[in-house]
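Student: I should like to go through the interfaces of this structure and ask on what grounds each statement rests.

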Amino acid sequence: MNSASCAAKISTQPFSLNPTSPTSHDRPLVSPKPTSLFLGSTRKLRLSSSSKLNLHRRSGTVVAVSDVVKQKKSKSTHSLLITKEEGLELYEDMILGRAFEDMCAQMYYRGKMFGFVHLYNGQEAVSTGFIKLLKQQDSVVSTYRDHVHALSKGVPARAVMSELFGKTTGCCRGQGGSMHMFSREHNLLGGFAFIGEGIPVATGAAFTSKYKREVLKEADCDHVTLAFFGDGTCNNGQFFECLNMAALWKLPIVFVVENNLWAIGMSHLRATSDPQIYKKGPAFGMPGIHVDGMDVLKVREVAKDAIGRARRGEGPTLVECETYRFRGHSLADPDELRDPAEKAHYAARDPITALKKYLIENSLASEADLKAIDKKIDEVVEDAVEFADESPVPSQSQLLENVFADPKGFGIGPDGRYRCEDPKFTEGTAHV
Amino acid sequence: MAAIFQGVGAAAALSSSLSNSFDSKKFVSSPCRPFSVRKGASFAVVRSDGRVNLNPKGRRAQQLISNAVATKSDSAAASSSSKPGHELLLFEALQEGLEEEMERDIRVCVMGEDVGHYGGSYKVTKGLAKKFGDLRVLDTPIAENSFTGMGIGAAMTGLRPVVEGMNMGFLLLAFNQISNNCGMLHYTSGGQFTIPIVIRGPGGVGRQLGAEHSQRLESYFQSIPGIQMVACSTPYNAKGLMKAAIRSENPVILFEHVLLYNLKERIPDEDYICNLEEAEMVRPGEHVTILTYSRMRYHVMQAAKTLVNKGYDPEVIDIRSLKPFDLYTIGNSVKKTHRVLIVEECMRTGGIGASLIAAITENFNDYLDAPIMCLSSQDVPTPYAGTLEEVTVVQPAQIVTAVEQLCQ
């Protein structure tokens, strides 16, 4: 399929339509013309259109953007997008993300963790929708808002909480902190403090996957990499440079934009000449998809497509998820600039509430099932805090251990021995 | 610039019996360096000490560096190596080292601008793309920050990339990735990910290349924790350092120099590497320690010729390892001569020389009879005009004057 036309097709149909309902949720933002005014050029445009949205929630079937889903839907208006198991898995993952982040806020204000902590509340659908489709060997690269990506990828809540507390049992031995979550076992490649910095790293991981297939002749290697980043990053050079390289070499990567409209206090609309980020994909020769990032099922359908493309060696995809963070940029952000009406609008589109409604209305789960999950997750999070509390802080001996993979890199001291042979080195007091 | 000079140390210390024949008071060997000696069936580490002696009596006849930038080669030196070795130019030595490592380990790959079909703008990767394919020798778009980051991501996930900066100056654009990710990710991930990347390229002042193509980035990178920096200066150590850098699990930045690519030398046929953390003894002496690296080594050796004629006996050490410093070799020299002159191409402010002065003063202050002198480039953007460019870098005449001053 010609990717340009495929892109055009997808990018001109941001939402699939519910043809029976002229006042459907999606209608005001959709136009059949390619120049649909998604977001518009002012904040007001988005909000005024959204005021109609609250009243007309989806009824029944959740629709998603991809053509695949549209076809499914046309075959049977009653087909569901997930099974019960899948539904509960998604629900649990999102609840874990939400509960964990709420606990982080508590712990921060109690002085258990410090520095810059960026919480993911409200964006769970993106993390869950994408990452739950991955295999363990697939890689995820995130930003500083990475706690929930880590949890979705499988890093234990205990390890993440300990890392936040700065304990030696943290996933990075306490050396990374909130913004640097890494896990070799789960192929979480970070956790980056500077925006855009992780995108080339993700491109490199995708390159390795292609290299394994073509040079190392591991024919069945179809590992995919997901790069998550925000709207602010989409104005950064590294973003564009990597879109180019990924499309050029057809790397197995999906670029996932978590467009929550705000880069700290800078509105996306004030920072970007053309705010429709998904349109930037076709400029580089890859499909650009826009999806409602507050709806985990829609995200999941789009993700299936994009990840499938990458696995089959068809190259990268740019997916823009319209989402929102309920809290400030970080726990230090007073969050005074955002319009309360905007916040209320998105609060009403809470992805967890939406999924819960879907599960119950479609008899995939009962209230009791979901409450049981809520309780289970509460316990997991409590346990994580307890574990982190009880874990030891790193001793000074840890200071120099991981600076170099090969500690000979500290060089040869005046006495002719390598510095790493100095007993003080292992104590962490050696002068290097 | 074609220069011919005999390699030093090519045959040195391949067999321990030979090293025992040396007067060990003169050359302090290092008995306790387990890591530097790796003997195996396939290769041997050659000690970096070049044994050059002025007194042929009682010493094994070694090649003399009669001229830093020699115009004619000495007659074939008595080489204790059983194989004849082969002659090549420095860029060919780099290519040979790279090619051998790519054959040895299929995970080694090259990324950079024009490294593939063009063969590298200084021909270091010539022929490699034809041999290994376009994916192993990857022609990248002009996006230093991103392809360096891509190299880092590839290194984290199991490959061993060699990233070429067409000119070291271009790596200023990759500073974000080099500093934040290359240097730090091993640490911030708690040791989970290793970054066995090699970042290499030509830098230094060339022939009227203009300010931006004449930069010395070693001073900018030296503060980055978690990386190693080495500078090659001869075909022998170029190949050795290239191979060692590729085999190292640490990220290594290998600095080459634009004017040294056509140096010719005879190097061993057998596999060898040069230790990344060791300095190279170029010319032992008694009166003054001259520490240098890269191209300035040749200006120093040229000055050494003049100095010898004037009756001085300088000890010349090519520090090679810019980060970390080999304080053992340097320290032993300081303890012997008590006078130090540093000759470098870095800028005066915040250069390698500045750090070296600090390190020596900290560790060997008691052994100094005079303050350390440091000759660096002027803190000036390198001008285009040849006459001006010449005076921004240290010239042999200045080195002679400095030594005379130091030895008063």
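The following dialogue takes up the two domains of chain B, and then the contact of chain B with chain A.

Tutor: Please bear in mind that this is a predicted model.

Student: How do you know that chain B has two domains, and where are their bounds?

Tutor: The domain assignment of chain B gives 85-268 as domain 1 and 280-407 as domain 2. The C-alpha centres of these two domains of chain B are 26 Å apart.

Student: What makes domain 1 and domain 2 of chain B count as being in contact?

Tutor: Contact requires heavy atoms within 4.5 Å. On that criterion, 31 residues of domain 1 of chain B meet 27 residues of domain 2 of chain B. The two domains of chain B bury about 2,300 Å² between them, and carbon and sulfur atoms give 53% of this area. On the side of domain 1 of chain B, the most area is lost by Gln208(B), Arg216(B) and Gln222(B), together 27% of what that side buries.

Student: How many salt bridges, and how many residue pairs in polar contact, are found between the two domains of chain B?

Tutor: A salt bridge needs a side-chain nitrogen of Lys or Arg within 4 Å of a carboxyl oxygen of Asp or Glu; across the interface of domain 1 and domain 2 of chain B the rule finds zero. Polar contact requires N or O atoms within 3.5 Å, and 21 residue pairs between these domains of chain B are counted, both residues at pLDDT 80 or more.

Student: Which elements of domain 1 of chain B give two or more residues to the side that touches domain 2 of chain B?

Tutor: They are helices H7 (218-221) and H8 (235-247) with strands E7 (228-231) and E8 (252-257) of chain B. E7(B) gives the most, with four residues.

Student: What makes up the contact of chain B with chain A?

Tutor: Chain B contributes 58 residues and chain A 55 residues. The buried area is about 4,800 Å², with 64% of it on carbon and sulfur atoms. In chain B, Leu135(B), Tyr187(B) and Gln192(B) lose the most area to chain A, together 15% of what that side buries.

Student: Which polar pairings and salt bridges are found there, by count?

Tutor: The count of salt bridges between chain B and chain A is zero, while 19 residue pairs are in polar contact, both at pLDDT 80 or more. H4(B) supplies the largest share of the side of chain B that touches chain A, eight residues. By class, that side of chain B has 25 nonpolar, 23 polar and ten charged residues.

Definitions and conventions
Residues numbered from 1 in each chain as written. Chains lettered and ligands numbered in written order. Predicted model: local features only at pLDDT ≥ 70, side-chain atom pairs only at ≥ 80, totals over all residues. Heavy atoms only, no water. Domains from an automatic or database assignment. Buried area = accessible area lost by both parts, 1.4 Å probe. Polar contact = N/O pair within 3.5 Å; in protein donor to acceptor, adjacent residues only side chain to side chain. Nonpolar A, V, L, I, M, F, W, Y, C, P; charged D, E, K, R; others polar.
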